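Please look over the sequence and the model below before reading on. The report that follows begins with a single residue and then widens to the chain around it.

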Amino acid sequence: MSGEQDSVFLRKFAGVIAGLVVLTVVLIVVANSIFGGEDPDRLALAEERAMQNLAPEYAVRLTGDPAPALASAEAPADAGGVMEVRSGEQVTQAVCIACHQGNFLNAPAVGDASGWRERADKGWETLINHVVNGYGNMPAQGAAASEEEIEAAIEWMVEAESGVEIPES
Ligand code: HEC
């Protein structure tokens, strides 16, 4: 290649690069005018998308089912906005069983009649309150289950499975 061919090539090449730079700037300006700015609709949509991405229904479980605790956290769309209330057994298996199956931290186990008998006398109101807000070694469970579900879980663990009657407060 001669020196002249080189400089012709370089000039053309520089022209192409300059053209691409101009095109880039133009595209940035156009994109900004279309998508930029603090458009509230767009921000709301972006936030909605972000929340969808964070939504727990995509939580991975080995069974492929949504986690029970998470499944009820959002009302299913086809339920007309009504929250699904889990049964006492479901709540226990999802939330409480980690501690209430082997006297973990002195938590009475499901089926442990004598362990529950000495606590049951406190009455419904106190027990529900202790579970919702935490008591002794038990951290508050109010974030993991509704009060209604907690009541059902206590009924299942203590009355149904352990045969211990809880008096009204
Ligand atoms: C992180 C462990 C843990 C989880 C989860 C847990 N518990 Fe407990 N629970 C305990 C421990 C420990 C105690 C005993 C507390 C103490 O006496 O110090 C206890 C005590 C109780 C008591 C007796 C309270 C009292 O006043 O004597 C009830 C009722 C109870 N749990 C129900 C539940 C229910 C229902 C759930 C699920 C919604 C649950 N627990 C989840 C650890 C747990």
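Is R86 buried or exposed? In this predicted model, R86 has a relative accessible area of 4%, and because buried means under 20%, R86 counts as buried. Along the chain, R86 is placed in the loop that lies between helix 3, residues 68–71, and helix 4, residues 88–96.

**Around R86**

The side chain of R86 has a polar contact with the side chain of E149 at 2.8 Å, and a polar atom of the R86 side chain also lies 3.0 Å from the backbone oxygen of A144. A further distance concerns A145, a residue 59 positions away from R86 along the chain, for the C-alpha atoms of these two residues are separated by 8.8 Å. The table sets these distances side by side.

| Part of R86 | Partner | Distance |
|---|---|---|
| R86 side chain, polar contact | E149 side chain | 2.8 Å |
| R86 side chain, polar atom | A144 backbone oxygen | 3.0 Å |
| R86 C-alpha | A145 C-alpha | 8.8 Å |

**Helix 4 and helix 7**

E149, the partner of the R86 side chain, appears again where two helices meet, since G88, E89, V91, T92, Q93 and C96 in helix 4 meet E149, A152, A153, W156 and M157 in helix 7. The residues of this contact divide into six nonpolar, three polar and two charged. As for geometry, the axes of helix 4 and helix 7, the latter spanning residues 147–160, come within 7 Å and cross at roughly 95°, which means that helix 4 is roughly perpendicular to helix 7.

**The chain as a whole**

The protein chain contains seven helices and zero strands, so that, read from the N terminus, its elements follow the order α-α-α-α-α-α-α. Of its 169 residues, 21% count as buried, and R86, with its 4% relative accessible area, is one of the buried residues. When contacts between residues at least 6 apart in sequence are considered, 49% of them join residues at least 24 apart. The accessible surface of the protein chain comes to about 11700 Å², and 58% of that surface belongs to carbon and sulfur atoms.

Terms used:
Residues numbered from 1 in each chain as written. Predicted model: local features only at pLDDT ≥ 70, side-chain atom pairs only at ≥ 80, totals over all residues. Heavy atoms only, no water. Helix = DSSP H or I, 4+ residues; strand = E, 2+ residues; numbered from the N terminus. Buried < 20%, exposed > 50% of the residue type's maximum accessible area, 1.4 Å probe, protein only. Polar contact = N/O pair within 3.5 Å; in protein donor to acceptor, adjacent residues only side chain to side chain. Contact = heavy atoms within 4.5 Å. Areas by Shrake-Rupley, 256 points an atom, 1.4 Å probe, with all protein chains shown as cover. Axes fitted to C-alpha atoms, helices over the stretch in contact; angles between N-to-C directions. Parallel < 35°, antiparallel > 145°, perpendicular 65-115°, else oblique. Nonpolar A, V, L, I, M, F, W, Y, C, P; charged D, E, K, R; others polar.
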